[in-house]
Amino acid sequence: MKQEPRSEWEADPDSPEVMVFERLARSAGASLRSDAPEQGITTVIRQGNRQRNRRLATEIAAVTALLLSGIALFTHFESPRRNVDLPPNETPQTPTSVSSVVPVLSKEDPKVAQWFWDYTGNPAGPTSGDPVKFGVMMPSYTYGADLTNAAKYMNEHAGGAGGRPVSIDVCAQTVAECAERFATDPDIVAVLENQWGGESLGTALAGRKPLHTTYSGGGTTGVGYYPTYRETVTAMALQAARLTAPGGHVIVIDAALDQKDLANGTAASDGQTPSVAFALPDVASALATRHVTRVRALETESLVDTIRNANGADAAAIVLALPPISSYQVYPDGRLACDDLFNALAELRIRPAVISSGCEPHAGWYEVDAGYNLTSPALQSGAISITTETPGLGDVKGSPQIRQVREVGALLAVIRIINQLGGPSQATPAALDRAMREFTGPLPVGAGPVDCAPTGKVADRVQPGSCVRFVDVHRFVGGKWIDVASIDLGA
């Protein structure tokens with residue numbers, strides 16, 4: 001069923017024109033993924049430019065069992081191990097070719113560049129005047145470089161911020177030093193932070209400048225427009241509930257292992273449960289009417305044994321809770337949780353619905369928190385414009401989790417808000433902070449409207465400062481990614 005409210009960019013997944021992302025279309029500048037060979041065998045460039053060949057025989061065996069009318073959809077069986085990939089009594093829609101849904105835009109199409117003007121509201125013409133300065137604190141040089149490249153493009157081609165050039169001040173000092181530097185610089189209008197773990201600068205900044213934080217493990221004193229680990233895992237649980245019947249067995253695998261513990265064994269110093277970099281949120285309310293088994297992925301045990309020990313042969317769905325940093329998925333012997341799960345399902349000969357947030361494309365698997373329309377050749381979400389006009393974002397081309405695009409999206413959203421206030425001269429810290437907290441979208445590669453004052457179930461399911469309500473879902477079907485109904489955290 002269509003989720004309401006929805007973004008003005010978002011295609012209706014219940015309409016006959018359900019969006020299908022053809023691999024051929026991605027070569028026209030829309031691609032954020034590697035091409036997939038036939039029969040679903042995929043070579044994907046992972047984080048850090050790792051490239052791995054898929055196991056051909058295993059993949060063919062799995063995909064062959066999934067083919068139905070030429071489309072790799074799971075089928076239902078009468079045995080206790082039947083697949084429960086779709087909700088009961090739901091008839092899957094037949095994907096249509098992207099060429100029949102939306103014209104494929106080439107990177108030379110002027111509408112691709114025009115998108116930046118339309119989205120931000122910047123005036124036409126070259127930038128001039130004093131710079132509009134943004135403070136940036138991020139643990140990775142890559143993210144700071146991405147924003148610097150985006151600012152360069154905005155200045156040269158898309159009006160900067162309100163017609164004035166954008167300046168990026170990347171701080172690599174301590175949290176306290178960066179906070180003080182940003183707070184005391186009168187030219188800095190807002191601060192952008194990508195905080196994977198550790199201490200956010202929000203407390204030290206103390207509200208002295210507007211703050212947007214991405215992926216904070218503990219929330220933010222500013223605002224966050226994109227799903228964090230907590231919102232993503234909760235959305236995955238809601239997707240599992242959507243795909244299963246009441247009473248169905250859902251296995252939730254916590255794969256967010258802390259590498260410090262892995263290096264020293266599974267036991268923490270206190271001999272108890274090892275610490276994790278990303279604490280698994282409580283998914284009880286999302287899966288209230290399902291039989292839920294929570295397990296941990298361990299380097300001392302393959303997932304085939306983990307699932308066996310969880311009596312998972314009857315699992316209707318498996319949620320693979322991956323951390324937002326790919327390196328945390330690697331075990332000391334080189335295994336990846338995604339590979340481990342794929343091989344475990346083949347060995348156990350079971351086909352539950354699989355919901356993850358960062359695995360390679362596998363036939364029928366679901367990807368949550370992928371970024372709406374990220375592989376679409378349409379202009380709707382801004383993905384084609386951002387990735388075409390700001391090439392080389394990060395170092396990953398094969399995954400829907402291209403989070404660098406979101407960093408640029410956050411910058412563009414703040415520029416839009418600045419213009420809505422009347423331009424940089426009107427964007428005082430107090431006015432901009434208030435406007436950022438009242439912002440509802442549209443948001444580049446956002447699945448739907450944002451809500452910085454959540455209530456009810458949404459408030460219980462998001463971190464402090466999070467403005468997220470809708471989380472995106474894709475499914476890999478017949479060698480293509482299709483966009484399915486977004487998850488409403490208030491459902």
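**Exercise 1. State how aspartate 305 and arginine 308 are placed relative to each other in helix α9, and which interaction joins them.**

Step 1. Aspartate 305 and arginine 308 sit three residues apart in helix α9 (residues 303-309), so about one helical turn separates them. Helices here are DSSP runs of H or I with at least four residues, strands are runs of E with at least two, and both are numbered from the N terminus. The model is a predicted one, in which local features need pLDDT of at least 70, side-chain atom pairs count only at pLDDT 80 or more, and totals for chains, interfaces and linings use all residues. Residues are numbered from 1 along each chain as its sequence is written, and side-chain values use heavy atoms, with hydrogens and water left out.

Step 2. The two residues form a salt bridge, with the closest N and O atoms 3.3 Å apart. The term requires a side-chain nitrogen of Lys or Arg within 4 Å of a carboxyl oxygen of Asp or Glu.

Step 3. Aspartate 305 is partly exposed at a relative accessible area of 33%, and arginine 308 is partly exposed at 42%. Buried means under 20% relative accessible area, exposed means over 50%, and partly exposed lies in between (1.4 Å probe, protein chains only).

Step 4. Glu347 belongs to a network of salt bridges with Asp305 and Arg308.

**Exercise 2. Describe the salt bridges aspartate 369–arginine 406 and aspartate 109–lysine 111, and give the accessibility of each partner.**

Step 1. A search of the whole structure gives eleven salt bridges.

Step 2. In one of them, the side chains of aspartate 369 and arginine 406 meet with an N to O distance of 2.6 Å. This pair connects distant parts of the chain, 37 residues apart: aspartate 369 is in the loop between β14 (366-368) and α11 (383-389), and arginine 406 is in helix α12 (residues 403-420).

Step 3. Aspartate 369 is buried, with a relative accessible area of 2%. Arginine 406 is buried as well, with a value of 5%.

Step 4. Aspartate 109 and lysine 111 form a salt bridge at 3.3 Å, N to O. Aspartate 109 is buried at 16% relative accessible area, while lysine 111 is partly exposed at 44%.

**Exercise 3. Give the strand order of the open four-stranded sheet, identify its edges, and place helices α4 and α5.**

Step 1. The order is β7-β6-β8-β9, and the pairing is parallel. Two strands count as paired if DSSP finds at least two bridges between them.

Step 2. The edges are β7 (166-170) and β9 (211-214); each has a single partner strand, so one side of each is left without a neighbour in the sheet.

Step 3. From one strand to the next, the twist averages 20 degrees. Axes are lines fitted to C-alpha atoms, for helices over the stretch in contact, and angles run from 0 to 180 degrees between N-to-C directions.

Step 4. Strand β6 (residues 132-137) pairs with strand β8 (residues 188-194) in the parallel sense over five bridges. Phenylalanine 134 is opposite alanine 190 in β8.

Step 5. Helix α4 (residues 141-157) packs on the sheet and touches β6, β7 and β8, its direction making about 165 degrees with that of β7. Helix α5 (residues 175-184) also packs on the sheet and touches β6, β7 and β8, with about 170 degrees between its direction and that of β6. Contact means heavy atoms within 4.5 Å.

**Exercise 4. List the disulfides, with the handedness and surroundings of each.**

Step 1. The count is three disulfides, each a pair of cysteine sulfur atoms within 2.5 Å.

Step 2. Cysteine 171 is joined to cysteine 178, S to S 2.0 Å. The torsion about their S-S bond is about -90 degrees, so this disulfide is left-handed. Cysteine 171 is buried at 2%, and cysteine 178 is buried at 0%.

Step 3. Cysteine 338 and cysteine 359 have sulfur atoms 2.1 Å apart. Their S-S torsion of about -85 degrees makes the disulfide left-handed. Cysteine 338 is in helix α10 (residues 337-348), and cysteine 359 is in the loop between β13 (353-356) and β14, 21 residues apart. Both cysteine 338 and cysteine 359 are buried.

Step 4. Cysteine 452 and cysteine 467 have sulfur atoms 2.0 Å apart. The torsion here is about 105 degrees, so the disulfide is right-handed. Cysteine 452 is partly exposed at 21%, whereas cysteine 467 is buried at 0%.

Step 5. With the bonded cysteines numbered in sequence order, the pairing is 1-2, 3-4, 5-6.
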